[in-house]
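Trainee: Got a minute to go through this one with me?
Mentor: Yes, put it up.

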Amino acid sequence: MSSILTNGDLAVTVNGMRFLNPFVIGSGPPSTNATVISKAFAAGWGGVVAKTTSLSDLPVVNVQPRYGKLNGPHGDTIGFQNIELISDRPFEDWEADFKKVKEQWPDRILVGSIMEQYDKGRWQEITARCLAAGCDALELNFSCPHGHPETGMGAAMGQNPAMVEEVTSWVVAAAGGKPVWAKMTPNITDIRVPARAAKAGGADGVAAINTILSTIGINLKTLRPTPTVEGHSTFGGYSYRAVKPIALRMVGEIAMDQPGFAISGIGGVCSSTDAIEFLLMGASTVQSCTGPMLQGFEMVHELGEGLGAFLQQHGFATVRDSIGKSLPYFTSHHHLVELQAEKKAAKAAELANRDTEWGKKDFVAEAGNLVSHKE
Ligand SMILES: Cc1cc2nc3c(=O)[nH]c(=O)nc-3n(C[C@H](O)[C@H](O)[C@H](O)COP(=O)(O)O)c2cc1C
């Protein structure tokens, strides 16, 4: 393991939790049981958001195949789609896994991810049980775009700000002060609205984004959409490299709207450059899910080395010093036009000032540029 990941040089404290580095496994296959979570920590990840779980009586039946890839002209994968549901393991197994992982990795941050029906008792029970089993924080899955919304869960809740606020407040009330992050769906017109609702409900932060509703392709021979299950498909969640620009924009929108609100940025992180961009846009931790699925947990070594070099190059003493540093450079399009007009005028004035330039354009306008008081 590269020591920069664990020697404290990249440490960042968020909502009172000290992450040895800001790199966190996003909820999904790379966090689906204690064995894979331990492998992630062994590779050097600072935190893991476990695969979303629910109380055991909630039926979860997955299908196969459930993934699809979009490859570029050179064969490299650009985008990834899944129609996977939340964990199909009994909740009691998760409680045992949380305990085991936390005992083995006390210096790493373990975030439980939960999804439930619109029922206060169920949300509060699963909250209390995850925290009792050792989770350092909770992430509320208001964002899974396929399967669960058909039964009023996941993105169906995330698209309803009143519900986001209410359910968040139930969890916060049962969490005894432990941090609560609400995971946002990008399948909404304005992501600031559910983020504000989560804050109003008492959340300590948000994770953004979950997958973008999509269909990865259609088989032109059979006319069947993919991934094809018994000749049919359903819209699924799009992730990996191609979604990063959209995720960055959404993280930036939340950061500008809610300064100081913790954001765990996620969507298309494949390299240290991607991760640093999320920090510069206001995220204080950076998650990756499809990245480790396709590249392996060891990708975190390049993340650590790249971030270390970047901090040094810019003279940032800590990760926190870099957070949000690109936000001041966003403005309205109208302002861009004004800035460009000002620059052009300044350049014209400068050129007209040199005798060799006189007469190349409109002589009278050139003279006018040198008048100090224009009436
Ligand atoms: C196969 C797969 C399963 C996922 N399962 C979950 C899940 O159970 N809960 C959740 O909150 N997000 C889940 N996600 C979404 C990811 O955590 C993440 O928000 C999204 O994929 C974008 O990040 P990425 O491009 O780094 O994968 C899943 C993603 C994939 C690809």
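Mentor: We will take a helix pair, then the ligand, then one loop residue.
Mentor: This is a predicted model, in which local features need pLDDT of at least 70, side-chain atom pairs count only at pLDDT 80 or more, and totals for chains, interfaces and linings use all residues. Residues are numbered from 1 along each chain as its sequence is written.

Trainee: At what angle do the axes of α5 and α6 cross?
Mentor: Roughly 25°, and the axes of α5 (residues 161-174) and α6 (residues 192-200) come within 7 Å. The two helices are therefore roughly parallel to each other (angles under 35 degrees count as that).

Trainee: Which residues of α5 meet α6?
Mentor: P161, V164, E165 and T168 do, against V193, P194, A197, A198 and A200 in α6; contact means C-beta atoms, placed from the backbone, within 7 Å. Those contact residues divide into seven nonpolar, one polar and one charged.

Trainee: Now the ligand. Which residues come nearest to it?
Mentor: G26, G28, S239, C289 and T290, out of 28 residues around the ligand. Two or more shell residues come from each of β6 (77-82) and α9 (290-295).

Trainee: And D355, is that residue buried or exposed?
Mentor: D355 counts as exposed because it has 7 C-beta neighbours inside 10 Å; the cut-off for exposed is 12 or fewer, with C-beta atoms placed from the backbone. D355 is in the loop between α12 (333-352) and α13 (363-369).

Trainee: How many Å apart are D355 and G8 in space?
Mentor: 60 Å, C-alpha to C-alpha, with their positions 347 residues apart in sequence.

Definitions and conventions: Axes fitted to C-alpha atoms, helices over the stretch in contact; angles between N-to-C directions. Helix = DSSP H or I, 4+ residues; strand = E, 2+ residues; numbered from the N terminus. Parallel < 35°, antiparallel > 145°, perpendicular 65-115°, else oblique. Contact = placed C-beta atoms within 7 Å. Nonpolar A, V, L, I, M, F, W, Y, C, P; charged D, E, K, R; others polar. Buried ≥ 20, exposed ≤ 12 C-beta atoms within 10 Å, placed from the backbone. Near = placed C-beta within 6 Å.
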